[in-house]
Amino acid sequence: MSAVQTTKMSNFRWVICALLFLATTVNYMDRQVLSLTWKDFIAADFHWTDADYGFITGMFSLFYAIANLMAGKFIDWMGTKKGYLIAIFVWSTGAVLHAGCGWVTMNIEGYDSIEALRLVQAGSDAAVAIATISVWLFLSCRLILAVGEAGNFPAAIKATAEYFPAKDRAFATSIFNSGASVGALAAPATIPLLARAWGWEMAFIIIGVLGYVWMGLWIWAYDKPRQNKRVNQAELNYIEQDVDLATVQNREEEKEEVAIPFFKCFTFRQTWAFLVGKFMTDGVWWFFLFWAPAYFSDQYGYTSDSGMGIALIFTLYAIVTILSIGGGYLPKIFVEKQGMNPYLGRMRAMFIFACFPVLGLFAQPLGAYSAWWPAILIGLLGAGHQAWSANLFSTIGDMFPKSTIGTIVGLGTAIGGLGSMAINMGSGAFFTWAAEQGASFEVMGFQGKPAAYMVVFSFCAVAYLIGWCIMKALVPKYKPVIAD
């Protein structure tokens, strides 16, 4: 036997995977700090309305969408190690800077303390000035956060491709991607408690500092496999097992494929089908992500730092995490067991997942009996979204050549961001207006802001079915795009 054959293989690739998982978890938690603190901690300090918060979240969605168009190219240009370090440094800095917004507002307006800001008479010119300045300060921090966070997934996917052979990449990707779900579960269990114990400013600082800690671990751990002294020859051989064959085959395929010009992409119905699917549904996910804590506080009085408030949000995301795992298996059953082509099987699965959100119609009515009903039903809606989204992305690979997939993904992310901006900004303004109208605004027996929630929940409930119908009308059967 050779020395390589008798040497036990190192497994350092899984350390890299663990770091990718940790970065994704921190990424998600940094994004959630504002949604879990604004209603019960921040709003009173700066006299924010729902419209103010909706404006901030809507613009964050837009910033994130635009940044995603450029993030992949940046990571390719800088390389995985430097690119990831820069991305997490930028978003961690953006997260920490949120904590200074109160101090800057206080000094600009000439007050001695945050308490003095809070004591300003609501509705006065001074209160409006405080709200306006603080909103733009928070918005500036959200811009920095969005630009940095956009680099997470391109860098993580690139690192996975470098450290895992083709047959293991899907599994490794599923592991680090689960960091988003873990972050969603960890955030409500920790952030409100930090805000209650040490103030909302410390919640931003503590979660943001986790990114700097991760940077130290990344500098220590990461080098390309061939340069990494912790990867022995046996593991390197395993990582590169399909390099020779696959690299040659991929290069030959790339030579044969012609990239579709950017503007020509808009001439294909397949492009518009994907864009419609993203526009109609991305905003629904972001709406519940940003507004669920405020909903339980507004409607039921369970603040984000209360035991019940934490339990409700935790339950909601636990349902999303557990049930969405099966999203990729249903189309596989249709294809393997019923002999459908992948696109047809995927569209049938997406129709089933599009029916899950219809349960959202009952969230507000059943909430009259218990707050657990909205938590469970919104969780089922979210699980349907995650399963829908996974399959929606896969339709690109079904229909477009490899040379154009990145372009279509970027377009879809941008359009999805516009949809998210619309629903978050629109909802914020709508909730503020409905609260002002009070009993004069009534929908299905609900009055004021509860009526507005009913309207928005109703849209979210049917958005997926509307999106699916339009997609099916645009591309009724499998028809791949052929580059000229």
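V213 is found in helix α10 of this predicted model. Together with L22, V209 and L217, V213 makes a nonpolar surface patch of about 290 Å². Helix α10 gives the most to this patch, contributing three residues. Over the whole protein chain, about 20900 Å² is exposed, and carbon and sulfur atoms supply 67% of that area.

The secondary structure of the protein chain comprises 20 helices and two strands. Of its 484 residues, buried residues make up 50%. Among contacts with a separation of 6 or more, 81% are accounted for by residues 24 or more positions apart.

In soluble globular proteins, nonpolar side chains tend to be buried together. The largest nonpolar core of the present model holds 142 residues. Within this core, the residues that touch the most other members are W48, F138 and W218. When residues up to four places away in sequence are not counted, the contacts of F138 are L34, I42, F46, W48, I56, H98, C101, W200 and F204. W48, itself one of the three core residues named above, is thus among the residues touched by F138.

Attention turns next to the charged side chains. Side chains of opposite charge can pair when their charged atoms come close. In the model, the count comes to 12 salt bridges. One of them joins the side chains of R118 and D45, with an N to O distance of 2.5 Å. R118 lies in helix α6 (residues 114-118) and D45 in helix α2 (residues 12-46), so this pair ties together parts of the chain that are 73 residues apart in sequence. The two partners differ in accessibility class: R118 counts as partly exposed because its relative accessibility is 33%, whereas D45, at 2%, counts as buried.

R118 also forms a salt bridge with E115, and here the closest N and O atoms are 2.2 Å apart. In contrast to the pairing with D45, which links helices α6 and α2, this salt bridge is contained in one helix: E115 and R118 both lie in α6, three residues apart, about one turn of the helix. E115 counts as partly exposed, with a relative accessibility of 40%.

A further salt bridge is formed by E162 and K224, whose closest N and O atoms are 3.0 Å apart. This pair links distant parts of the chain, since E162 is in helix α8 (residues 152-163) and K224 is in the loop between α10 (200-221) and α11 (233-239), 62 residues away. E162 counts as buried at 17% relative accessibility, the limit for that class being under 20%. K224, at 44%, counts as partly exposed. Elsewhere, salt bridges that share partners join K39, D50, D298 and K449 into one network.

The loop between α10 and α11 also holds N228. With a relative accessibility of 3%, N228 counts as buried. Its side chain reaches the backbone oxygen of A221 at 2.9 Å. A polar atom of the N228 side chain also lies 3.0 Å from the backbone nitrogen of R230. The side chain of N228 therefore has polar partners on the backbone of both A221 and R230, each distance falling within the 3.5 Å limit for a polar contact. Leaving aside residues up to four places away in sequence, N228 touches F12, Y163, A221, Y222 and D223. A221 accordingly appears both as a backbone partner of the N228 side chain and in this set of contacts.

Another buried position is M347, found in helix α16 (residues 342-355). The relative accessible area of M347 is 1%. M347 touches W468, M471 and K472, not counting residues up to four places away in sequence. M347 and T395 are 48 residues apart in sequence, and their C-alpha atoms are 8.5 Å apart in space.

Technical notes
Residues are numbered from 1 along each chain as its sequence is written. This is a predicted model: local features need pLDDT of at least 70, side-chain atom pairs count only at pLDDT 80 or more; totals for chains, interfaces and linings use all residues. Side-chain values use heavy atoms; hydrogens and water are left out. A nonpolar core is a set of buried Ala, Val, Leu, Ile, Met, Phe, Trp, Tyr and Cys residues joined through side-chain atoms within 4.5 Å. Buried means under 20% relative accessible area, exposed over 50%, partly exposed in between (1.4 Å probe, protein chains only). Contact means heavy atoms within 4.5 Å. A salt bridge is a side-chain nitrogen of Lys or Arg within 4 Å of a carboxyl oxygen of Asp or Glu. Helices (H or I, at least four residues) and strands (E, at least two) are DSSP runs, numbered from the N terminus. Accessible areas come from the Shrake-Rupley method with a 1.4 Å probe; for residues, only the protein chains shown count as cover. A polar contact is a pair of N or O atoms within 3.5 Å; within protein, one must be able to donate a hydrogen and the other to accept it, and residues adjacent in sequence count only if both atoms are side-chain atoms. Patches are made of residues with over 30% relative accessible area and no salt bridge: like charges are joined within 9 Å, nonpolar side chains (Val, Leu, Ile, Met, Phe, Trp, Tyr) within 5 Å.
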